[in-house]
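Notebook open, model on the screen. I want to see how the helices are put together, one at a time and then in pairs.

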Amino acid sequence: STMAINVLAGVNGLESGQAVIIGASIIALNLIQLHHAPEAWEDFRGHQLFSLYLAIPFTAVSSALFYFNWWPSAVFCGDTFCYFAGMAIAACGILGHFSKTLWLFLLPQLLNFAYMIPQYVQYPGAIPCPRHRMPAFDTATGLVKASVVR
C-alpha cells in the first residue's frame, strides 16, 4: 500500500487526497462493522475499534495535510508521507482483520499500476513515459514547463 500511494505522487493534493478518501472509507467500514456485530463478538469488535483508533487520527492528519497540499501547494508530501500513509493504511487493515477488503479500497491504485507497467518496461514499441516529475527548464523564458513525450 505504500507504493500504491507513492506511484501517483507529484500532483498537488493527490497523495493526501487519496489518503483522506481511503482513511474515511476505513472509518466507515469500521463503524458499519461495529454497528452490525453482535455484542458477544468481543474479539471482532475489539479489532474494529483498534483499527478505528488508528484510522481517525490518520484521516485527521491527512485532511490537514490535504488543505495545505491542494493547489497551489504550500507543502510537498514526498516519500515520507507516502510511506507513513501506506503503513497506516496497511496497519488498519491488518489489525482490523480486513486486509482483503482493503484491496478494494486500493483498487484504483492497482489499476493505475497495471496501466503504467508498459511505460516502465522498455521494449521495442513500448509506450513512451513522460517525465511528469521532472519539469523542463526553458532557457529562453527562464520558466519551468511540463515535460512532454514526442
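Before listing anything as buried, I fix the cut-off: a residue counts as buried when its relative accessible area is under 20%. I also remind myself that this is a predicted model.

**Entry 1: α4 alone.** I began with helix α4, residues 78-95. Does its length fit a helix? I'd rather ask how far apart its end C-alpha atoms are. I get 26 Å, and since 18 residues at 1.5 Å a residue should span 26 Å, the two agree. Next I looked up which residues of α4 are buried, and found Gly78, Phe81, Cys82, Ala85, Gly86, Ala88, Ile89, Ala91, Cys92 and Gly93. What do they pack against? The buried residues of α4 pack against α1 (2-6), α2 (14-36), α3 (42-69) and α5 (99-105). I also checked the backbone just after α4, where His97 takes a positive phi of about 60 degrees.

**Entry 2: α2 with α4.** I took this pair next. The axes of α2 and α4 come within 11 Å, crossing at roughly 10 degrees. Angles under 35 degrees count as roughly parallel, so α2 is roughly parallel to α4. I noted the hand of the α2 and α4 crossing as left-handed. Which residues meet here? From α2 I have Glu15, Ser16, Ala19, Ile22 and Ile26, and they meet Phe81, Cys82, Ala85, Ile89 and Cys92 of α4. Sorted by class, the α2 contact with α4 has eight nonpolar residues, one polar and one charged.

**Entry 3: α2 with α3.** Same routine for this pair. The axes of α2 and α3 come within 8 Å and cross at roughly 155 degrees. Over 145 degrees counts as roughly antiparallel, so that is what I wrote down for α2 and α3. The α2 and α3 crossing is left-handed. By class, I count 16 nonpolar, eleven polar and two charged residues in the contact of α2 with α3.

**Entry 4: α3 alone.** I ran the length check on α3 too. Its 28 residues, at 1.5 Å a residue, should span 40 Å, and the end C-alpha atoms are 40 Å apart, so this agrees. The buried residues of α3 include Arg45, along with Gln48, Ser51, Leu52, Ala55, Phe58, Thr59, Ser62, Leu65 and Asn69. Where do they pack? I find the buried residues of α3 against α2 and α4.

How values were computed. Residues numbered from 1 in each chain as written. Predicted model: local features only at pLDDT ≥ 70, side-chain atom pairs only at ≥ 80, totals over all residues. Heavy atoms only, no water. Helix = DSSP H or I, 4+ residues; strand = E, 2+ residues; numbered from the N terminus. Expected span 1.5 Å × (residues − 1). Buried < 20%, exposed > 50% of the residue type's maximum accessible area, 1.4 Å probe, protein only. Contact = heavy atoms within 4.5 Å. Axes fitted to C-alpha atoms, helices over the stretch in contact; angles between N-to-C directions. Parallel < 35°, antiparallel > 145°, perpendicular 65-115°, else oblique. Left-handed = near helix turned anticlockwise from the far one by under 90°. Nonpolar A, V, L, I, M, F, W, Y, C, P; charged D, E, K, R; others polar.
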